Amino acid sequence: MEAMLAEEPPSVLPLMLRTSAAQVHRGVTIVPILSGALPRERYITLAEALPFGYRVSEVDASGHVPELLIQNPLNRQVLLRDGEEVVGAKRNRMLEATILVVAGLTQKFPVACAEAGRWHRTSADYRN
């Protein structure tokens with residue numbers, strides 16, 4: 001750890017990190033280390049991305065219950081949050097993981113069924 005810190009210019013390091021109040025419980029002390037730097041990665045949420053061409057759809061015409069296809073044609077990253085519900089297509093689903101989808105990516109995504117029984121299309125794509 002010391003070697004890593006020694007590589008950073010000493011004048012920059014104090015501006016980037018700071019500590020918060022120590023928390024002590026049963027002999028264990030935790031000192032939060034916070035960053036003073038602005039986040040480097042910018043993202044938008046699924047609800048913000050859908051009107052601009054972001055797509056969530058069935059993996060193919062027959063569909064596959066535990067997976068959906070995500071397509072991010074935007075030039076921004078999109079944050080999908082675990083537990084978020086997507087409504088439409090053959091069955092409403094809930095996202096099973098939190099993932100930051102990079103710009104231009106198309107991939108399958110794990111989901112859980114949020115609506116038992118229905119297995120027919122109500123729309124071509126999903127909405128939030």
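1. Let me start with the core. The largest nonpolar core has 16 residues, and the members that touch the most other members are Leu46, Tyr54, Ile70, Val78 and Leu80. Several elements feed this core: helix H3 (46–49), E7, E8 and E12 each supply at least two of its residues. Please keep in mind throughout that this is a predicted model.

2. Ile70 is a good residue to click on next. Which residues does Ile70 contact, leaving aside its neighbours within four places in sequence? The list runs through Tyr54, Arg55, Val56, Leu80, Val101, Leu105, Thr106, Gln107 and Phe109. Two of the names there, Tyr54 and Leu80, also appear with Ile70 among the core members that touch the most others.

3. Now the overall picture. The protein has 3 helices and 13 strands, and buried residues make up 27% of its 128 residues. Among contacts with a separation of 6 or more, 56% are between residues 24 or more positions apart. The protein exposes about 8,600 Å², with carbon and sulfur atoms supplying 57% of that area.

4. Strand E7 is worth following on both of its pairings. Strand E7 (residues 67–71) runs antiparallel to strand E12 (residues 106–113), and 5 bridges join the two. Gln71 has Thr106 as its bridge partner in E12, while Glu67 is partnered there by Pro110. E7 is also joined to strand E6 (residues 55–57), again antiparallel, by 3 bridges. In that pairing, Arg55 has Gln71 as its bridge partner in E7. Gln71 is therefore a handy residue to display, because it is the bridge partner of Thr106 in E12 and of Arg55 in E6.

5. E12 has a further partner. Strand E10 (residues 93–95) runs antiparallel to E12, with 3 bridges joining them. Leu95 is the residue that stands opposite Val111 in E12.

6. Arg93 may catch your eye if you are checking charges. Is this arginine, which lies in strand E10, buried or exposed? Arg93 counts as buried because its relative accessibility is 0%. The side chain of Arg93 makes a polar contact of 3.2 Å with the side chain of Glu58. I would show the two side chains together when looking at this spot.

7. There is also an open sheet of 3 strands, in the order E5-E8-E11, with mixed pairing. Its edge strands are strand E5 (43–45) and strand E11 (99–101), each of which pairs on one side only. From one strand to the next, the twist averages 35°. Strand E8 (residues 77–80) pairs with E11 in the antiparallel sense over 3 bridges, and Val78 stands opposite Val101 in E11. Val78 is also one of the core residues that touch the most other members.

8. What about the edge of this sheet? Thr45 lies in strand E5, and Thr45 is classed as buried because its relative accessible area of 18% falls under the 20% limit. Not counting neighbours within four places in sequence, the contacts of Thr45 are Val78, Leu79 and Arg81.

9. Arg76 sits in the loop between E7 and E8. How exposed is Arg76? Its relative accessible area is 36%, so Arg76 counts as partly exposed. Beyond residues up to four places away in sequence, Arg76 touches Arg42, Tyr43, Ile44, Val101 and Ala103. The C-alpha atoms of Arg76 and Ala49 are separated by 8.9 Å, although the two residues are 27 apart along the chain.

10. One backbone detail to finish. Arg26 has a positive phi of about 50° although it is not a glycine. Where is Arg26 found? Arg26 belongs to the loop between strand E2 (23–25) and strand E3 (28–30). Arg26 is exposed, with a relative accessible area of 78%, whereas Arg93 at 0% counts as buried.

Key. Residues are numbered from 1 along each chain as its sequence is written. This is a predicted model: local features need pLDDT of at least 70, side-chain atom pairs count only at pLDDT 80 or more; totals for chains, interfaces and linings use all residues. Side-chain values use heavy atoms; hydrogens and water are left out. Helices (H or I, at least four residues) and strands (E, at least two) are DSSP runs, numbered from the N terminus. Buried means under 20% relative accessible area, exposed over 50%, partly exposed in between (1.4 Å probe, protein chains only). Contact means heavy atoms within 4.5 Å. Accessible areas come from the Shrake-Rupley method with a 1.4 Å probe; for residues, only the protein chains shown count as cover. Two strands pair if DSSP finds at least two bridges between them. A polar contact is a pair of N or O atoms within 3.5 Å; within protein, one must be able to donate a hydrogen and the other to accept it, and residues adjacent in sequence count only if both atoms are side-chain atoms. Axes are lines fitted to C-alpha atoms, for helices over the stretch in contact, and angles run from 0 to 180 degrees between N-to-C directions. A nonpolar core is a set of buried Ala, Val, Leu, Ile, Met, Phe, Trp, Tyr and Cys residues joined through side-chain atoms within 4.5 Å.
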